[in-house]
Every structure is written in structure tokens, then in C-alpha cells.
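Work through the exercises below with the sequence and the coordinates at hand. Each task is followed by a solution in steps.

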Amino acid sequence: MIKIVALDLDGTLTQHKSRLESECRNVLSELSEKYKLVMVCAGGCERVFKQMNGFKIDIIGFYGMEYSEIKNGKIEIIKKIKIENDRIKVAEKVEQLRQELGFTEYYGDSVEFHESGMITFPIIGTTASLDKKLAFDPDRTIRRKYYNRVCKLFEEYNVFIGGSSSFDIAPKPYCKLYALEQYLNTYGIDKSEIIFFGDDYGVGGNDSDVYNSDIRFIPIDDYREFSRIAKEELL
Ligand SMILES: [Mg+2]
């Protein structure tokens, strides 16, 4: 008996960083009458809320480092975790990777530190143009090739192939599975009562920990198929 429907956003409900379309919104509205809905995302809650056009839904951001609820149409951050990184050490490791893997040319900053403690390693730099970012590694071959090396160097972190041309680096134990487990504990709900929709379940993908767990996972390979698949599964 499913009680909670958990959802990834980019690539699952929408095109990467694009607004929620009305067909999908309608299906979510229908689902919300039968189930509790929660988004589990790599990005921050506020960005997700905007991208969802203000749809009323619980949002877990930054791999479980930020929790929010929507009240009276406004987003309220109810929990925010901050972890201090040794930024010098992290920057050294990123530099080591750049030298070792040959990514010595980049635009803007070499590494990006987020307030939460999450880190982005933007391989071609923070200010590379969107065109350059999209063209860099569209099928993820480059990042999959070096994924294990990045994980090894950042042992105290969970590493994901993120965005179009970067690695997301989150302090352990933060990841989508951990975030969901915390959420389930809060509501006293069992893992067997949740279903997760995600697109990024391959090696290094940010939904892969949920995919590899005992939580029921519905793969979405094309976000335009979400509405049909969700209806078939749940309505
Ligand atoms: Mg995704």
C-alpha cells in the first residue's frame, strides 16, 4: 500500500532546469489527492519551488541538507544543515584532479562551495557558457570514466555526476536515499509504503542510491512519459 510518492525533478518531471508543464502539474494534483508527495533533489528547495511554479509539495533539497514545506503558497525552509569544509584541502584535491585528468583549462572558478557544505566540481569552470557546458559531456562518458577516481579522492563525500558538466560532492551521509530515510522516520512510514520516480539511476547518477535500495523505483527515461507512467502505476 503506497502512501508516499517521491520524485526527482530534472529529467523526471521536466527538462533540465525548465519549468513544470501543465499536463504534469495536473497529474501531480491528482496524485496529491491520494498520496503524500515529496521532491528529493540535488538543488536547493527555493530553486525547485520556482521551477515547480509554486506547486504545493514538500521539497528536500541538497541531497537531504535542506527541508521545506509550502504554507499559504509560500516556501518555508524548516531544516537546514550546514557542514564546514576544509576549503583549502578541497581546492587542492580539485587541482590534483585537474592536473591528473588533464582538465587544466576552465572558465571562472575551479570549484564552487555551497553554503550547506555541498561542493560542485565544474570541470570546465563556473562561468563556461551553457552551450559549452551542454556540449562537454552529453552522454556522460567522460564523467563516468573518471567517476571512481573522483570518489576515491573524495572518500568522505558522496560523489554524483551532476548537471551537464560537473560532479556534485556531498558530505557523507547525505544522498537521496539518506534524505528519504530521514523523511520516512519523521512520518513513521515504512520503506515498503513509498515509491520513487527518477531518471538518473545509472553509475554515478544522483538517483542511483535509491535505485539500488529496496525502495520501489520507477525509472523515467523521458520526462514526457512521466504523466502516462505515473497514471498507470498509481491512478
Ligand atoms: Mg534527475
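**Exercise 1.** In this predicted model, determine how the donor residues of the magnesium ion are spaced in sequence.

Solution.
- The spacing of the magnesium donor residues reads D-x1-D-x188-D.
- The protein donors are Asp8 (OD), Asp10 (O) and Asp199 (OD), lying 2.2 Å from the ion.
- Asp8 belongs to the loop between strand E1 (4–7) and helix H1 (22–34), while Asp199 sits in the loop between strand E10 (194–198) and helix H7 (208–211).
- The pair Asp8 and Asp199 therefore ties together parts that are 191 residues apart in sequence.

**Exercise 2.** Classify Asp8 and Asp199 as buried, partly exposed or exposed.

Solution.
- Buried means under 20% relative accessible area and exposed over 50%, with partly exposed in between.
- Asp8 has 5% relative accessibility, so Asp8 counts as buried.
- Asp199 has 25% relative accessibility, so Asp199 counts as partly exposed.

**Exercise 3.** Find how many disulfides a search of the whole structure gives, then examine Cys41 and Cys151.

Solution.
- The search of the whole structure returns zero disulfides.
- For Cys41, the nearest cysteine sulfur is that of Cys45, 7.8 Å away.
- A disulfide requires two cysteine sulfur atoms within 2.5 Å, and Cys41 is in no disulfide.
- For Cys151, the closest cysteine sulfur is in Cys175, at 12 Å, which is too far for a bond.
- Cys41, at 4% relative accessibility, counts as buried, whereas Cys151, with a relative accessible area of 23%, is partly exposed.

Methods
Residues are numbered from 1 along each chain as its sequence is written. This is a predicted model: local features need pLDDT of at least 70, side-chain atom pairs count only at pLDDT 80 or more; totals for chains, interfaces and linings use all residues. Side-chain values use heavy atoms; hydrogens and water are left out. Buried means under 20% relative accessible area, exposed over 50%, partly exposed in between (1.4 Å probe, protein chains only). Donors are N, O and S atoms within 2.8 Å of the metal (3.2 Å for Na, K and Ca); water is not among the atoms, so sites may look incomplete. Helices (H or I, at least four residues) and strands (E, at least two) are DSSP runs, numbered from the N terminus.
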